[in-house]
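Please take a moment to look over the sequence and the model before reading on. The paragraphs below lead from single residues to the chain as a whole.

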Amino acid sequence: MVSVPRLVIAAPASGSGKTTVATGLMAAFAGRGLAVSPHKVGPDYIDPGYHALATGRPGRNLDAYMCGPDLIAPLFTHGAGGCDLAVVEGVMGLYDGASGQGELASTAQVSKLLRAPVVLVVDASSQSRSVAALVHGFASWDPEVRIGGVILNKVASDRHEALLREALDESGLPVLGVLRRAPQVATPSRHLGLVPVAERQADALDAVRAMGERVREGCDLDALLALARSAPALSDEAWEPEGFPQEGSRPVVAVAGGAAFTFAYAEHAELLTAAGAEVAVFDPLHDEKLPSGTAGLVIGGGFPEVYGPELSANEPLRRAVTELALSGAPVAAECAGLLYLARELDGRPMCGVLDASARMSERLTLGYRQAVAVADSVLAAAGTRLRGHEFHRTVLEPGAGATPAWGLLQPERRVEGFVQGGVHASYLHTHWAAEPGVARRFVERCRG
């Protein structure tokens, strides 16, 4: 049995202030000297970066669609091990999940899987007494979801606060915090959400400090901690990256990082290490060569379109990546990595490993996908089924090579991506904890 005090921060809808409250709570409790474990419901890569700044620990995702419901509590327990408190930021509205899949991947489902009390963050900017009806509806919709209190956000004045508190007195749920409008802690957004921490480190630190101060001033931290401690113990064993017998040296797996490639799940590096690799992070914006002894390359997601000129200008690294790929070494590229391996991006030369051209688009491609591996590759055997997520505003022409990476089964049937020699490149983001054999297979190929 594992007992980790925990809270899920949810809201009736996106834009209510979940990220501000969740990140502020993490910073405020960390400021009290507590070891705080940060988590995010869903596939989001950006919010966990702010969570990591607030807590000094890796931000981790809990995605019941990609990893399956049975893995949520084990992944949570793995991340929260040894901590005094865990704060889980929800996604969208409390009951919103994967399209057409009922509660699957919703914040409500994750709260039930974790047996965690929920704090509902309500944007009160355009209501007074109606807030009680809204809160009552969310609290009574699913009796298995335990809403333990409310934090009122964007409150205009003392008079407004008094009206809201009076209305909520009848709901039976305590008001655990009141936050006034504070544009100074707003974080800039772009076409895929907030601007990642790696692109604005100093400003992001200031924003996180400001969120923490707002929460300290406006929330009852003692009551919130007491609510977190009311969560029952979990009986689920912690997930651990599966280790494998290894002989000889550890192959070096270079992992792209820096401001252009910020999308990565913490468990991926842990799985690679457990499979016998030595993980070496490098920055394609600045490093002109791959880490010494590189035997395999992983290039995850991010914003290469924002840094197209810098990536293109780093010709020595582009040449090194191309040479590695042409040698047949294992290369796994997701989304931004796919674009980096293309011939060009918005007219600027990239690595040219793939005979494809990429450009920015007005259309957002977003959503969960079910996929099957079309052919054997460095990541999966043909016929392997995985669930993933697409999230981009770019178009690649052609969208698939002679041997595609994946056949997408839902919501539409199509093929996409490239399997070419040792290269596996695709728009699809996947979570390797759902299929640990991916990391093992990749590292085995790195050994030759």
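N61 is buried, with a relative accessible area of 4%, where buried means under 20% relative accessible area, exposed means over 50%, and partly exposed covers what lies in between, all taken with a 1.4 Å probe and with protein chains only. The residue belongs to strand 3, which covers residues 60-62; strands here are DSSP runs of E with at least two residues, helices are runs of H or I with at least four residues, and both are numbered from the N terminus. This is a predicted model, in which local features need pLDDT of at least 70 and side-chain atom pairs count only at pLDDT 80 or more, while totals for chains, interfaces and linings use all residues. Residues are numbered from 1 along each chain as its sequence is written, and side-chain values use heavy atoms, with hydrogens and water left out.

What does the side chain of N61 reach with a polar atom? One partner is the backbone oxygen of G42, at 3.0 Å, and another is the backbone oxygen of D44, at 2.5 Å. A polar contact is a pair of N or O atoms within 3.5 Å; within protein, one atom must be able to donate a hydrogen and the other to accept it, and residues adjacent in sequence count only if both atoms are side-chain atoms. When residues up to four places away in sequence are not counted, N61 touches K40, G42, P43, D44, P48 and Y265, contact being defined as heavy atoms within 4.5 Å.

Y265, one of the residues touched by N61, also leads to the aromatic rings, since Y45, F263, Y265 and F303 form one aromatic cluster. A pair of aromatic rings is described by the distance of the centres and the angle of the planes. Rings of Phe, Tyr and Trp (its six-membered ring) pair if their centres lie within 6.5 Å, and planes under 30 degrees apart count as stacked, those over 60 as edge-to-face and the rest as tilted. A search of the whole structure finds seven aromatic pairs. Among them is the stacked pair of Y45 and F263, with 4.8 Å from centre to centre and 5 degrees between the planes. Because Y45 lies in the loop between strand 2 (36-41) and helix 2 (47-55), and F263 in the loop between strand 10 (252-256) and helix 9 (266-274), this pair ties together parts that are 218 residues apart in sequence.

Y45 counts as buried at 11% relative accessibility, and F263 is buried too, with a relative accessible area of 5%. F263 also pairs with F303: the ring centres are 5.4 Å apart and the planes stand at 80 degrees, so this pair is edge-to-face. F303 lies in the loop between strand 12 (294-299) and helix 10 (308-313), 40 residues from F263, and the pair therefore links distant parts of the chain. The relative accessible area of F303 is 0%, which means that F303 is buried.

Helix 9, which follows the loop of F263, holds H268, a residue that is buried with a relative accessible area of 12%. The side chain of H268 reaches the backbone nitrogen of W432 at 2.9 Å, and, leaving aside neighbours within four places in sequence, H268 is in contact with T430, H431 and W432.

Where does A54 lie? A54 is found in helix 2 and counts as buried at 9% relative accessibility. Its C-alpha atom is separated by 7.7 Å from that of G24, a residue 30 residues apart from A54 along the chain.

The backbone also deserves attention. The peptide bond from E397 to P398 is cis, with omega near -5 degrees, and P398 is placed in the loop between strand 17 (385-397) and strand 18 (406-410). C335 is not a glycine, although it has a positive phi of about 55 degrees, and at 5% relative accessibility C335 counts as buried. M92, again not a glycine, has a positive phi of about 50 degrees, and M92 is partly exposed, with a relative accessible area of 35%.

Finally, consider the chain as a whole. The protein chain has 13 helices and 22 strands, and of its 448 residues 59% count as buried. Among contacts between residues at least 6 apart in sequence, 75% join residues at least 24 apart.
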